[in-house]
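Subject: Structure handover

Hello,

Here is the structure I promised to pass on. Please open it next to this email and follow along.

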Amino acid sequence: MRSRTRTRTRIRTLAVPLLLAGALLATAGLTTPAAATAPAPTHLTVAADGSAAFTGVQAAIDAVPAGNTSPVTITVQPGVYRETVVVPSNKPHIRLVGSTGRAADVTIVYNNSSGTPKPGGGTYGTSGSATFMADADDFEARHLTFANDFDELAHADQPNHQAVALRTRGDRIVLANIAAHGDQDTLLLDSANKDRQGRVHISDSLITGNVDFIFGRATAVITDSVIEVTRRPDGTSAGYVTAPSTAAQFPGFLITDSVITGNVGDGTYYLGRPWYAGGDATLHPQVTIRDTHLSAAVRATPWTDMSGFPWQGARFAEYHNTGPGSAPPTTNRPHLTDQQAAAHTPATWLGGWTP
């Protein structure tokens with residue numbers, strides 16, 4: 001009996017300092033081990049029919065803790081998800097995957113445009129119109145469709161019809177077997193700022209649009225993909241595939257081993273024009289298109305000026321393209337030499353990053 005009494009007394013004696021320690025930790029804003037934060041999830045599932053924990057993509061992304069250091073896979077079941085989605089810059093390592101392996105089975109779509117009024121006043125602007133915004137580093141999207149179905153004809157009285165389907169701002173972005181659908185400004189490949197490189201690798205994908213529909217200042221490689229030019233909503237056939245705003249110290253867009261095509265009039269689409277965003281003359285826009293099949297939609301003189309800046313001041317070039325839209329080099333159609341082309345490859349473009 002005396003042994004048990006001594007034991008109970010000892011437990012009570014030890015409990016007092018433990019309780020005091022817990023109180024001091026709480027006062028200091030700390031936690032005891034028993035109250036430590038639960039580990040971040042590694043796999044989340046989204047299903048529009050309610051069969052998973054989340055019915056929307058944004059809700060699943062919101063469940064990822066900020067500052068996560070390990071990969072989180074979000075699997076999205078088939079369906080149409082009408083919502084705008086933001087992957088904030090403080091949530092890297094997110095991998096968003098369509099469950100069936102077919103991009104057409106999972107669509108994330110909305111209909112904001114640059115001129116669409118915001119609930120709190122003002123308008124969204126081009127960048128803010130994006131249906132999906134991937135602002136974090138090390139983001140991956142696979143087997144998904146991103147779309148902006150803004151109706152230009154229904155809003156003919158509204159200015160600024162730019163409507164982005166997918167915007168990227170982070171570095172080391174992987175987009176594989178995705179589709180991006182829109183009209184003007186479909187795919188904004190950007191970076192956090194002019195002095196920070198945002199590298200993007202796009203493969204086995206479909207990108208559609210008609211005016212500047214691949215644009216921005218990112219360093220992007222588009223390979224083994226189909227780039228489809230479409231008619232304007234009023235049925236006319238004219239437009240521009242790319243509008244790079246590359247900073248002078250970085251490479252711009254490299255399109256390789258792909259197809260540029262579309263059910264449009266022959267010779268009605270430019271391969272690109274230089275976008276000196278904000279009139280910044282220090283930019284040096286760049287596009288190289290190589291080893292790619294060009295349909296008859298491409299103009300014989302494939303580059304043109306933009307906002308008073310001549311295309312000749314940009315870094316525009318072709319190399320070993322084929323198809324009815326291709327042509328030998330001229331003063332209006334610069335081609336790379338074999339020696340120059342050796343530096344225009346995915347490996348050199350991405351600077352040591354292997355997707």
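Below is what was found, from the whole chain down to single residues.

**Overview**

Please keep in mind that this is a predicted model. The protein has five helices and 25 strands. Of its 355 residues, 47% count as buried. The accessible surface comes to about 16,000 Å². Carbon and sulfur atoms account for 54% of that surface. Now take the contacts between residues at least 6 apart in sequence: 72% of them join residues at least 24 apart.

**The eight-stranded sheet**

Eight strands form an open sheet, and the pairing is parallel. Read across, the order is β3-β6-β9-β12-β15-β18-β21-β24. The edges are β3 (79–82) and β24 (293–294). Each edge strand has a single partner, so one side of each is left without a neighbour in the sheet.

Look at one pair inside this sheet. Strand β6 covers residues 106–110, and strand β9 covers residues 145–148. They pair in the parallel sense over four bridges. To find one of these bridges, start at T107: its partner in β9 is T145.

**The seven-stranded sheet**

There is also an open sheet of seven strands, again with parallel pairing. Its order is β4-β7-β10-β13-β16-β19-β22. Strands β4 and β22 (269–272) are at the edges, and each pairs on one side only. From one strand to the next, the twist averages 10°.

Strand β16 is a good place to stop. It runs over residues 211–216. How many of the residues of β16 are buried? Six of the six are, so β16 is largely enclosed by the rest of the structure.

β16 pairs with β13 (residues 187–189) in the parallel sense over two bridges. There, L187 has I214 of β16 as its bridge partner. β16 also pairs with β19 (residues 239–244), in the parallel sense over four bridges. V211 is bridged to Y240 in β19. Further along, F215 stands opposite A243 in β19.

**The nonpolar core**

In soluble globular proteins, nonpolar side chains tend to be buried together. In this model, the largest nonpolar core has 57 residues. Which of its members touch the most other members? They are V57, I74, F132 and F139.

Pick F132 and look around it. Leaving aside neighbours within four places in sequence, F132 is in contact with V57, V85, V87, L96, I108, F139, F146, A165, L166 and R167. V57 and F139 also appear among the core members named above.

**Three residues to visit**

*F253.* This residue lies in strand β20 (residues 253–256). Buried means under 20% relative accessible area. F253 has 1% relative accessibility, so it counts as buried. Its contacts, beyond four places in sequence, include I214, F215 and G216. Others among them are T242, P244, V287 and W349. A220 is on the list too. F253 and A220 are 33 residues apart in sequence, but their C-alpha atoms are 4.8 Å apart in space.

*K91.* You will find this lysine in the loop between β4 (85–87) and β5 (94–98). Is K91 buried or exposed? Its relative accessible area is 9%, so it is buried. Where does its side chain reach? It comes to 2.7 Å from the backbone oxygen of V64. K91 and V64 are 27 residues apart in sequence, and 7.2 Å apart from C-alpha to C-alpha. Not counting residues within four places in sequence, K91 is in contact with I61, D62, V64, P65, A66, N68 and A136.

*Q158.* This glutamine is in the loop between β9 and β10 (166–168). Its relative accessible area is 14%, so Q158 is buried as well. Apart from residues up to four places away in sequence, Q158 touches S113, G115, T116, P117 and F150.

**Where to start**

Begin with β16 and its two partners, β13 and β19. Next, go to F253, which is in contact with I214 and F215. Then turn to F132 in the largest nonpolar core. Finish with the loop residues, K91 and Q158.

Best wishes

Conventions: Residues numbered from 1 in each chain as written. Predicted model: local features only at pLDDT ≥ 70, side-chain atom pairs only at ≥ 80, totals over all residues. Heavy atoms only, no water. Core = buried A, V, L, I, M, F, W, Y, C linked by side-chain atoms within 4.5 Å. Buried < 20%, exposed > 50% of the residue type's maximum accessible area, 1.4 Å probe, protein only. Contact = heavy atoms within 4.5 Å. Pairing = 2+ DSSP bridges. Polar contact = N/O pair within 3.5 Å; in protein donor to acceptor, adjacent residues only side chain to side chain. Axes fitted to C-alpha atoms, helices over the stretch in contact; angles between N-to-C directions. Areas by Shrake-Rupley, 256 points an atom, 1.4 Å probe, with all protein chains shown as cover.
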